[in-house]
Amino acid sequence: MPGMTGLAEFISKMCSEADKPVILIIDETDQAGCYDSFLTFLGMLRKKYLARRKQPTFQSVILAGVYDIKNMKSKIRRDIDHNYNSPWNIAADFTVDMSFSAADIKGMLEEYEKDVHMGIDCRDMAELLYEYTSGYPFLVLRLCRILDEYLPEREKFSDRASAWTKPGIAEAVKILLSEPNTLFDDMVKKLNDFPELRKTLHHILFQGKQVPYNIDHYAINLGVMFGFMKLTDGFV
């Protein structure tokens, strides 16, 4: 049976035969929300949830993303369906700090040093990596990979041990900033999508302006939500 009807029946069959309640978790909801097929899928899930006493379905559906669910539910439902008593109204902030601290990075480097025995100064390297990245996981891990795999092949660094130094990290940062990657592509896309955010960041980064922290300000709210900005002494 093709299309959403077949998928809906499959979900009902799967959930009815499962030994325990089934929960569906959908990541990268912000990206998928641009596609009509995904919105149709969410609409189908909503209808099944509302009729859950008659047809088995997921116990819960979790949409993970940076946007509040209210920004997407208006796309799912028609105007006549808009109300406050909706299964899509429940939202929860994810407050776990996913960034690495300098101590976290040091611990990982110490585990690495146990395997390679290169005499890495784990404390200094961890502090440098944190200084360049603020502990952002993708950046920390990417720099470590460059240090481990790419720099030893360059003339400046005779071996892996010579790469794990202050000059090595500086060189790794240059490589990172010059290469294409999904993180930077996504950041650029958001700056193109939100000109006011791009303008505010330009004022801060290139004109040295101090912008007071005001979460009600549209551009600041976006910047904090995307992780581009943070509060420091009352300013972003």
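# Notebook: surface patches, salt bridges and one buried threonine

**Entry 1, nonpolar patch.** I began at the surface, where Leu7, Phe10 and Met14 come together as a nonpolar patch whose accessible area is about 250 Å² in total. I am working from a predicted model, and I keep that in mind for every entry below. Looking up the place of Phe10 in the chain, I found this residue in helix H1, which covers residues 3–17.

**Entry 2, the chain as a whole.** I then stepped back to the fold and noted 12 helices and 2 strands in the chain. Read from the N terminus, the order of elements is α-β-α-α-β-α-α-α-α-α-α-α-α-α. Of the 236 residues in the chain, 32% are buried. The accessible surface of the chain amounts to about 15,800 Å², and carbon and sulfur atoms contribute 54% of that surface. I also looked at how the contacts are spread along the sequence: among those with a separation of 6 or more, 57% are between residues 24 or more positions apart.

**Entry 3, negative patch.** Returning to the surface, I recorded a patch of negative charge that is made up of Asp121, Asp124, Glu127 and Glu131. I checked one of these residues, Asp124, and placed it in helix H6, residues 122–133. The relative accessible area of Asp124 is 36%, and Asp124 is therefore classed as partly exposed.

**Entry 4, salt bridges around helix H7.** My count of salt bridges came to 9, and I followed several of them individually. In one, the side chains of Glu149 and Arg145 pair at 3.0 Å, N to O. Both residues belong to helix H7, residues 137–150, where they are 4 residues apart, or about one turn of the helix. I asked myself whether the two partners are buried or exposed. Glu149, at 37% relative accessibility, is partly exposed, and Arg145, with a relative accessible area of 43%, is partly exposed as well.

A further salt bridge joins the side chains of Arg160 and Asp148, with 2.8 Å from N to O. This pair links distant parts of the chain, since Arg160 is in helix H8 (residues 160–163) and Asp148 is in helix H7, 12 residues away. For Arg160 I noted a relative accessibility of 35%, so that this arginine counts as partly exposed.

**Entry 5, a salt bridge in helix H10.** I next turned to Asp186 and Lys190, whose side chains form a salt bridge at 2.9 Å, N to O. Helix H10, residues 182–193, holds both Asp186 and Lys190, which are 4 residues apart, about one turn of the helix. Which partner is buried? Lys190 is, because its relative accessible area of 13% falls under the 20% cut-off. Asp186, by contrast, has 27% relative accessibility and is for that reason partly exposed.

**Entry 6, Thr200.** My last look-up was Thr200, which I located in helix H11, residues 195–206. Why does Thr200 count as buried? Its relative accessibility is 10%, and buried means under 20%. I then listed its neighbours, leaving aside residues up to four places away in sequence, and found that Thr200 touches His217, Ala219 and Met229.

Definitions and conventions: Residues are numbered from 1 along each chain as its sequence is written. This is a predicted model: local features need pLDDT of at least 70, side-chain atom pairs count only at pLDDT 80 or more; totals for chains, interfaces and linings use all residues. Side-chain values use heavy atoms; hydrogens and water are left out. Buried means under 20% relative accessible area, exposed over 50%, partly exposed in between (1.4 Å probe, protein chains only). Patches are made of residues with over 30% relative accessible area and no salt bridge: like charges are joined within 9 Å, nonpolar side chains (Val, Leu, Ile, Met, Phe, Trp, Tyr) within 5 Å. Accessible areas come from the Shrake-Rupley method with a 1.4 Å probe; for residues, only the protein chains shown count as cover. Lys and Arg count as positive and Asp and Glu as negative; His and the chain ends are not counted. The place of a charge is taken as NZ of Lys, CZ of Arg, CG of Asp or CD of Glu. Contact means heavy atoms within 4.5 Å.
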